[in-house]
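Hello,

Here is the structure I promised to pass on. Please open it next to this email, and then read my notes below.

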Amino acid sequence: MESTLGLEIIEVVEQAAIASAHWMGKGEKNTADQVAVEAMRERMNQIHMRGRIVIGEGERDDAPMLYIGEEVGICTQENAKQYCNPDELVEIDIAVDPCEGTNLVAYGQNGSMAVLAISEKGGLFAAPDFYMKKLAAPAVAKNHVDIRKSATENLRILADCMDRTIEELVVVVMDRPRHKDLVQEIRQAGARVRLISDGDVSAAISCAFAGTNIHALMGIGAAPEGVISAAAMRCLGGHFQGQLIYDPAVVKTGLIGESKESNLERLSSMGIDDPDKVYDAHELACGETVLFAACGITPGTLMEGVRFFHGGARTQSLVISSQSKTARFVDTVHMTDAPRRLQLK
């Protein structure tokens, strides 16, 4: 999978990032998202694959592009037999977030990126559009910290695993009213808090890389992004756990169904019999082969954002593979016209 799709999925996120970056700072978050979706879909439909969106931009009736259940790739089109033999190709599941952090793009803030994760059919958890309690930490703390423990206890464990003091730890938390008590507890334990407005996929992944000065992600964010984060952390060997949140009273902000009872019924209809189950990275991304790709739209902890110059653009991407056990940073110059000079700074 990596050898046949690795470069092409990088191009998928690159094209989505470039399209969205044109709308950076213009206050149009929906447009920034829409153009990223369209660019990602167009590039995916040029790839010789049989893909199915399991996490995307909504259900079929609510989103015209990259809806959940949509088939993508040349080999899913009506004229597929002109290009390939569809029966010879492995079916793959795809989780996408063409513009992770739409507000960040709209207002010119750091940390937005285009992301996707792929695995063979059935290899990615088809998370409902609910919220998820998340805990991400470096590989050294894997299976030591636990989402069922208090933040204080996890910080003590994490500090011990990393041979640091709690005061040296930095925890990323989404800046939401629901996290008021969590932030207070983290601070009282002695750790430092980095509040973010959006973009917790980047924060989760950053825990697995030394030098980012991010040591944990705690709190509640969107469930689909949790699966994408888990796919990356599965490949990196980092710690990731997620637990679905189905009670609107817990979330406090945002939409999460009509009621707790209706959400429980929806989960049951999806075959989720234990709504309180704690999932680890291998359960959320259980495929034999998992690939993750991201491209910075605006500058972030791991990647630069899109930089335009006369005649083209420059991007920085990250592709992570469970197959080759690699994390590759890819620096690309895209030449749309004859440039006056290549921008290498």
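The notes below start with the sheet, move on to the helices, and end with single residues.

Please keep in mind that this is a predicted model.

**The sheet**

Start with the open sheet. It has six strands in the order 7-6-8-5-9-10, and the pairing is mixed. Which strands stand at the edges? They are strand 7 (192-196) and strand 10. Each has a single partner strand, so one side of each has no neighbour in the sheet. On average, neighbouring strands are turned by 20° against each other, direction ignored.

Now go through the pairs. Strand 6 (residues 170-174) and strand 8 run parallel, joined by two bridges. In that pair, V171 stands opposite A216 of strand 8. Strand 8 also pairs with strand 5, this time antiparallel, over six bridges. There, L135 faces M218 in strand 8 as its opposite residue.

On to strand 9. Strand 5 (residues 131-137) pairs with strand 9 over seven bridges, in the antiparallel sense. One marker for this pair is M132, whose bridge partner in strand 9 is L244. Strand 9 is also joined to strand 10 (residues 278-280), by three bridges, and these two run antiparallel. Two positions help you find this pairing. G242 has Y279 of strand 10 as its bridge partner. Q243 stands opposite V278, again in strand 10.

**How covered are these strands?**

How many residues of strand 9 (residues 239-245) are buried? Seven of its seven are, so the strand is mostly covered. The side chains split between two directions. H239, Q241, Q243 and I245 point one way, while F240, G242 and L244 point the other way. Residues of both sets are buried.

Strand 8 (residues 216-222) is mostly covered too. Six of its seven residues are buried.

**Helices on the sheet**

Two helices are worth a look here. Helix 4 packs on the sheet and touches strand 5, strand 6 and strand 8. The direction of helix 4 makes about 140° with that of strand 8. Helix 7 (residues 223-236) lies across strand 5, strand 8 and strand 9. Helix 7 runs at about 25° to strand 5.

**Helix 4 against helix 5**

A word on how such pairs are described. Two packed helices are characterised by the angle between their axes and the distance between the axes.

For helix 4 and helix 5 (residues 180-189), the axes come within 9 Å and cross at roughly 40°. That angle makes helix 4 oblique to helix 5. The crossing is right-handed.

Which residues meet in this contact? From helix 4 come A151, T152 and L155. From helix 5 come L182, E185, I186 and A189. By class, the contact has five nonpolar residues, one polar and one charged.

**A buried serine**

Next, look at S317. This residue lies in strand 13 (residues 312-321). Is S317 buried or exposed? Its relative accessibility is 1%, so S317 counts as buried. Leaving out residues up to four places away in sequence, S317 touches I10, E14, A294, C295, M303, R328, F329 and V330.

**Exposed loop residues**

Three loop positions are next.

- N143 is found in the loop between strand 5 and helix 4 (151-162). N143 is not a glycine, yet has a positive phi of about 65°. The relative accessible area of N143 is 65%, so this residue is exposed.
- K325 sits in the loop between strand 13 and strand 14 (326-335). Phi of K325 is near 55°, again a positive value in a residue other than glycine. With 70% relative accessibility, K325 counts as exposed.
- D273 lies in the loop between helix 9 (260-269) and strand 10. D273 is exposed, because its relative accessible area is 70%. How far is D273 from A137? Their C-alpha atoms are separated by 28 Å, and the two residues are 136 apart along the chain.

**Where to begin**

If you want one place to start in the viewer, take strand 9. Find G242 and its bridge partner Y279 in strand 10. Then go to L244, the bridge partner of M132. After that, turn to helix 4 and its contact with helix 5, which includes L155 and I186.

Best wishes

Methods: Residues numbered from 1 in each chain as written. Predicted model: local features only at pLDDT ≥ 70, side-chain atom pairs only at ≥ 80, totals over all residues. Heavy atoms only, no water. Helix = DSSP H or I, 4+ residues; strand = E, 2+ residues; numbered from the N terminus. Buried < 20%, exposed > 50% of the residue type's maximum accessible area, 1.4 Å probe, protein only. Contact = heavy atoms within 4.5 Å. Pairing = 2+ DSSP bridges. Axes fitted to C-alpha atoms, helices over the stretch in contact; angles between N-to-C directions. Parallel < 35°, antiparallel > 145°, perpendicular 65-115°, else oblique. Left-handed = near helix turned anticlockwise from the far one by under 90°. Nonpolar A, V, L, I, M, F, W, Y, C, P; charged D, E, K, R; others polar.
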